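Here is a short tour of one protein model, written for someone who likes to know the cut-offs behind each term. Have your viewer open as you read.

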Amino acid sequence: MIPELGHLGLILALQLALLQSVLGFSGAARGSARLMAAARGAAAGQGLFVALGFAALAWSFYVNDFSVLNVAEHSSRHLPAAYRLTATWGSHEGSILLWALILAAWTVAVAASARRTGDALAARALAVLGLVSTGFLAFILFTSNPFMRLDPPPPEGLDLNPLLQDPGMIIHPPLLYMGYVGFSVAFAFAVAALLAGRLDAGWARRARPWTLVAWLFLTLGIMVGSWWAYYELGWGGWWFWDPTENASLMPWLVGTALVHSLAATAKRGIFQVWTVFLAIGAFALSLIGTFLVRSGVLSSVHAFAQDPARGFFLLLLLAVLVGAALWVLALRAPKAGGEAGFAPCSRETLLLAGNVLLLVATGTVLLGTLYPLALDALGQGKVSVGPPYFNSVFVPLMAPALLLLGIGPRVLWQRADPREVLAGAAWPAIGAAILGPALSLAYGELRWQAALGVGLAAWIVLSTLPRLVRRGGSLAQWGMGLAHCGVAVGLVGIGLVTAFESERAVTLSAGESAVVAGHEWLFKGVVEVPGPNYSAVRGTLAVSRDGAAVAELHPEKRVYHASKMPMTESAIRYGLAGDLYVVLGDPVSHATWTVRIFHKPFVGWIWAGAMTMALGAALAALGRRRARQGDGE
């Protein structure tokens with residue numbers, strides 16, 4: 001009964017999404033406050049029914065209703081209750097339903113905001129969001145129904161993928177989807193402005209806080225995903241340029257360009273067409289990321305060919321929504337209003353240069369991600385495009401963009417004196433040139449990765465903080481400065497861990513030890529430990545330095561009962577100056593095991609930097625919201 005209720009809720013939500021779109025467009029065209037209010041009501045009803053559908057699926061997982069195919073394939077009676085929640089979105093069908101739920105939440109938030117303003121721009125944006133919701137709800141109902149039944153139901157389920165049985169996977173997908181879906185709001189306001197023929201600063205002011213919040217969530221989602229891969233996969237890395245990682249990085253890069261371009265459009269009314277293009281691009285890349293991860297094409301183009309309906313539906317949705325938006329942009333762009341000019345030495349020029357670098361970097365990531373898939377689809381064999389390619393093309397593009405990040409806020413809008421710009425940048429440049437190599441040498445030796453990372457970080461901080469402290473600033477300006485400093489914190493971690501990380505694989509028997517990165521690792525043996533739905537062997541390693549105890553770590557090797565899938569659970573001692581990381585390998589004999597030991601200096605600064613960036617974005621969004629309320633918008 002509950003699954004059927006959930007399915008009915010999704011059908012009603014689809015109808016209300018269509019109604020929301022029709023009422024929103026009609027109300028805006030006629031200037032009818034009654035129709036626009038009805039569109040907001042339809043949006044609220046749509047959100048309620050999508051939430052009902054999601055709750056029905058979550059309840060089916062919680063009570064182990066194996067008559068639901070989705071539950072039978074992705075859960076079991078022994079799965080801990082917390083991971084049954086994860087299992088709700090652990091499948092393709094559940095993850096798309098989570099997308100629809102988050103889209104409904106964003107839509108309800110826009111509707112609540114539109115209730116205060118009650119203008120045609122918000123009504124059109126709500127109508128566009130209704131079209132996006134219609135597409136995804138149709139996708140669920142026609143190709144990805146999460147409530148399909150099994151008759152008779154099996155006595156036990158197949159269990160959740162062990163990789164997803166982790167606290168990180170409880171929060172990673174919702175955060176990531178909040179970012180992905182959040183860019184649909186910027187897309188909706190951009191299309192609304194295009195349809196109204198008003199590419200002015202007004203729509204940019206409305207879209208900017210929403211875009212900041214979406215970028216905030218996507219930053220946190222990528223951060224949690226990186227941290228999860230670091231501790232869960234047992235390889236000790238924080239980024240591997242995996243296609244799944246790239247699928248989230250690309251909209252983040254374009255979203256970063258969009259956030260900065262919106263600032264220019266909102267403040268000076270410039271880059272009108274360019275900013276709309278970025279809003280469409282960020283949304284398009286979010287859909288492309290969903291297609292790559294959820295169509296099956298990443299695992300194999302042949303797997304995609306075996307079940308083409310889902311992939312083709314997503315591609316069709318992408319073509320219709322993005323294609324229509326680009327078509328309207330092409331029609332409206334020649335009629336865009338005149339823009340104020342600016343000198344070659346101005347903040348506008350630097351901002352545009354940074355945007356171009358971010359888009360070119362996105363293009364290199366997109367090429368490296370899609371090229372192997374295209375060759376495989378054409379029958380030209382399998383090729384691997386990995387870190388060597390991405391590091392060789394991405395880093396040279398991002399280094400000048402980071403230089404612009406430091407100097408851009410120091411330059412005046414419209415026109416600046418080049419001599420004043422160079423004079424103001426002199427001391428930060430000198431400080432960066434000294435601190436980068438000096439800290440690398442202080443750590444042991446001069447290595448270019450450490451010198452570059454620390455040098456760029458020093459450049460950003462020395463260019464940002466003194467100016468803010470000296471001149472003061474609004475909450476939004478402090479938020480922007482904090483986000484830029486978060487980039488600097490992450491650069492310190494990236495530079496130092498890349499330059500000075502160490503790894504050693506050793507074979508140890510109980511009572512034997514090895515020395516790695518100045519630490520002695522004493523292997524005390526292994527014991528068998530039971531888990532709720534797995535069996536494990538747990539090792540114990542005592543870590544000391546100069547005779548003083550540092551930590552006792554307990555890595556595990558697990559085998560999950562239902563899937564028989566082996567898993568490696570690393571053990572980590574986290575620290576401000578670096579992590580001690582150990583993985584239990586395979587047994588050589590009854591008492592002898594292979595062990596992989598890592599020292600990861602300052603790796604935690606990468607994720608601390610991401611959290612600082614997200615905090616800065618939150619402050620900037622709050623500051624923009626207060627400014628709009630102060631203006632009476």
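The report below goes through a surface patch, a pocket, a set of salt bridges and one loop residue.

This is a predicted model, in which local features need pLDDT of at least 70 and side-chain atom pairs count only at pLDDT 80 or more, while totals for chains, interfaces and linings use all residues. Residues are numbered from 1 along each chain as its sequence is written, and side-chain values use heavy atoms, with hydrogens and water left out.

**A nonpolar patch**

Let's start at the surface, where Ile2, Leu5, Leu8, Ile11, Leu52, Trp59, Tyr62 and Val63 form a nonpolar patch with about 680 Å² of accessible area together. Helix H1 (2–30) and helix H2 (33–62) are the elements that give two or more residues to this patch, and H1 provides the largest share, four residues. Patch members have over 30% relative accessible area and no salt bridge; nonpolar side chains (Val, Leu, Ile, Met, Phe, Trp, Tyr) are joined within 5 Å, and like charges within 9 Å. Areas come from the Shrake-Rupley method with a 1.4 Å probe, and for residues only the protein chains shown count as cover. Helices (H or I, at least four residues) and strands (E, at least two) are DSSP runs, numbered from the N terminus.

Ile11 is found in helix H1 and counts as partly exposed at 30% relative accessibility. Buried here means under 20% relative accessible area, exposed over 50%, and partly exposed in between (1.4 Å probe, protein chains only).

**The second largest pocket**

The second largest pocket has a volume of about 850 Å³. Met169, His172, Trp228, Thr244 and Val293 are the closest to its centre among the 33 residues that line this pocket. Helix H7 (168–196), helix H8 (201–232), helix H9 (243–268) and helix H10 (272–294) each supply at least two residues of the lining. A pocket is an open set of points on a 1 Å grid over the protein atoms alone, where a 1.4 Å probe fits, with protein on both sides within 12 Å along at least five of seven lines; lining residues have an atom within 4 Å of a point.

**Salt bridges**

The whole structure holds 15 salt bridges, each a side-chain nitrogen of Lys or Arg within 4 Å of a carboxyl oxygen of Asp or Glu. Three of them are listed here.

| Pair | Closest N to O |
|---|---|
| Arg206 and Asp119 | 2.8 Å |
| Glu501 and Lys600 | 2.4 Å |
| Glu503 and Arg596 | 2.8 Å |

What does the pair Arg206 and Asp119 tie together? Arg206 lies in helix H8 and Asp119 in the loop between helix H5 (92–117) and helix H6 (120–143), so the pair links parts that are 87 residues apart in sequence. Arg206 is buried at 8% relative accessibility, whereas Asp119 is partly exposed at 24%.

Glu501 sits in the loop between helix H17 (475–500) and strand E1 (502–509), and Lys600 in strand E10 (residues 592–600), so their bridge ties together parts that are 99 residues apart in sequence. Glu501 is partly exposed at 39%, while Lys600 is buried at 4%. Glu503 in strand E1 and Arg596 in strand E10 tie together parts 93 residues apart in sequence. Elsewhere, Arg538, Glu556, Arg558 and Glu569 are joined into one network by salt bridges that share partners.

**A loop residue**

Finally, Met148 is in the loop between H6 and H7 and is partly exposed at 47% relative accessibility. The C-alpha atoms of Met148 and Asn70 are separated by 7.2 Å, with the two positions 78 residues apart along the chain counted as their separation.

Conventions
Grid points are joined across faces, edges and corners, and a volume is the space filled by probe spheres set on the points.
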